[in-house]
Amino acid sequence: MNRESSMLHTLQSTSNPTLEEIARLGAERMLAMALEAEIQAFIEQYSSIKNAQGKAAVIRNGYLPERTITTSAGPISVKVPRSRSTVKNLKPFVSALIPKYMRKSLSIEEALPLFYLGGLSNNDFVPAFEKLFGELPAGFSSASVTRMKQLWLEEHKNWSKRDLSLSRYAYLWADGIHFNLRLDEGRLCVLVLIGATPEGNKELVAVCGGYRESTESWLEVLRDLKERNMASPNLCIGDGALGFWKAVREVYPEAEHQRCWVHKTANVLDKLPKSVQPSAKSLIHDI
């Protein structure tokens, strides 16, 4: 029984298959077709090379052991094709779609930090993912989440030390994000800087913990950027918090200043009745 017939048999043997089950089986089928096309293109790449006996340099060699990969469509079974070389120094086929040891898709990897930041603790992941996928996906456990958190912290540490000598920002937006968490020093505040390059691309420049939006906290952030060779932006944009403006005048005195219109608009609308806020917002944009 080929793979397509097997999938059809699975659907027929399942009473009232859910949309998720159909999507998962469809994803398995599409992935299998993509892998076949991928190895076929790999073999054709070496079709002009022959060994001493005149046979093809690269031939099919069955499949690697079947494994389950967790995706946004649920857990799917995958059998990656395998090749064999009849000529020395030719590397075997390695799928770009399903790298070696891959157990979960990139989209799932990217979602994990969002789940964690949303308030999911280590022990919450197991029941939440069992409910989401119908079973606990391979590679997920409280211990594995702890290991991933350590990797995220290391990645952020390396990113926070990157060289900025080649970075140029026409605009630099600054804001402090306050959280309800109360620490010994007071409420948690994260200082965020976003830059726009001369080409118009936005980049995250800095994310640092601070004590409110004080001048000292902003000075620490801006001095660190300057020590890592970041040139002065042309224009800095922020709200009415005075800490940032005092700090930027000291570290980047040549930069121009502008109040953020998003904050200014919100402050104006907050003083008006809700019934007139939509029309007032349109008038403010015209200004």
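## Reasoning through helix 6 and its surroundings

Trainee: Which residue takes a positive phi just after helix 6?

Mentor: That is Asn229, with a phi of about 70°. Keep in mind as we go that this is a predicted model.

Trainee: What makes the length of helix 6 close to the expected one?

Mentor: Helix 6 runs over residues 215-227, which makes 13 residues. The expected span is 1.5 Å times one less than the number of residues, and for helix 6 that comes to 18 Å. From the first C-alpha to the last, the model also gives 18 Å.

Trainee: Which residues of helix 6 are buried?

Mentor: Thr215, Ser217, Trp218, Leu219, Val221, Leu222 and Leu225. Each of them falls under the 20% cut-off in relative accessible area, because that is what buried means here. For the protein chain as a whole, 32% of the 287 residues count as buried.

Trainee: Where do Leu222 and Leu225 belong in the nonpolar packing, and what makes them stand out?

Mentor: They sit in the largest nonpolar core, which has 23 residues. Along with Leu193, Met230, Phe244 and Tyr252, they touch the most other members. Strand 5 (171-183), strand 6 (186-196), strand 7 (202-211), helix 6 and helix 7 (242-251) each give two or more residues to this core. Another core lies apart from it, with 16 residues, among them Phe42, Val58, Val80 and Ile98. In soluble globular proteins, nonpolar side chains tend to be buried together.

Trainee: Which residues does Leu222 touch, setting aside those up to four places away in sequence?

Mentor: Leu193, Phe244, Ala247, Val248, Val251 and Tyr252. Each of these counts as a contact because heavy atoms come within 4.5 Å.

Trainee: Why is the pair Glu250 and Arg223 called a salt bridge?

Mentor: The N to O distance is 2.6 Å. The cut-off is 4 Å between a side-chain nitrogen of Lys or Arg and a carboxyl oxygen of Asp or Glu, so the pair qualifies. Glu250 lies in helix 7 and Arg223 in helix 6, so the bridge ties together parts that are 27 residues apart in sequence. Both residues are partly exposed, Glu250 at 48% and Arg223 at 39%.

Trainee: How many salt bridges does the structure hold?

Mentor: Three. Glu36 and Arg60 form one of them, with the closest N and O atoms 2.9 Å apart. That pair links distant parts of the chain: Glu36 is in helix 2 (residues 19-45) and Arg60 in strand 1 (residues 58-63), 24 residues apart. Arg228 and Asp224 form one as well, at 2.8 Å between the closest N and O atoms.

Trainee: Is Arg228 buried or exposed, and how do you know?

Mentor: Its relative accessible area is 11%. The limit for buried is 20%, and 11% lies under it, so Arg228 is buried. Its partner Asp224 has 30%, which falls between 20% and 50%, so Asp224 is partly exposed.

Trainee: Why is Thr197 called buried?

Mentor: The same reasoning applies: a relative accessible area of 10% is under 20%, so Thr197 counts as buried. Thr197 is found in the loop between strand 6 and strand 7. Leaving aside neighbours within four places in sequence, Thr197 is in contact with Arg168, Tyr169, Ala170 and Glu203.

Trainee: And what makes Tyr171 partly exposed?

Mentor: Tyr171 has 40%, which lies between the 20% and 50% limits, so partly exposed is the right label. Tyr171 has its place in strand 5. Not counting residues up to four places away, Tyr171 touches Ile194, Gly195, Ala196, Leu235 and Ile237. The C-alpha atoms of Tyr171 and Asn234 are 6.0 Å apart, although 63 residues separate them along the chain.

Trainee: Which residues make the nonpolar surface patch, and what lets Val268 join?

Mentor: Val268, Leu272 and Val276 make a patch of about 190 Å². A patch residue needs over 30% relative accessible area, and Val268 passes because it has 38%. Val268 is found in helix 8 (residues 261-269).

Definitions and conventions:
Residues numbered from 1 in each chain as written. Predicted model: local features only at pLDDT ≥ 70, side-chain atom pairs only at ≥ 80, totals over all residues. Heavy atoms only, no water. Helix = DSSP H or I, 4+ residues; strand = E, 2+ residues; numbered from the N terminus. Buried < 20%, exposed > 50% of the residue type's maximum accessible area, 1.4 Å probe, protein only. Patch = residues over 30% accessible without salt bridge, like charges linked within 9 Å, V, L, I, M, F, W, Y side chains within 5 Å. Areas by Shrake-Rupley, 256 points an atom, 1.4 Å probe, with all protein chains shown as cover. Core = buried A, V, L, I, M, F, W, Y, C linked by side-chain atoms within 4.5 Å.
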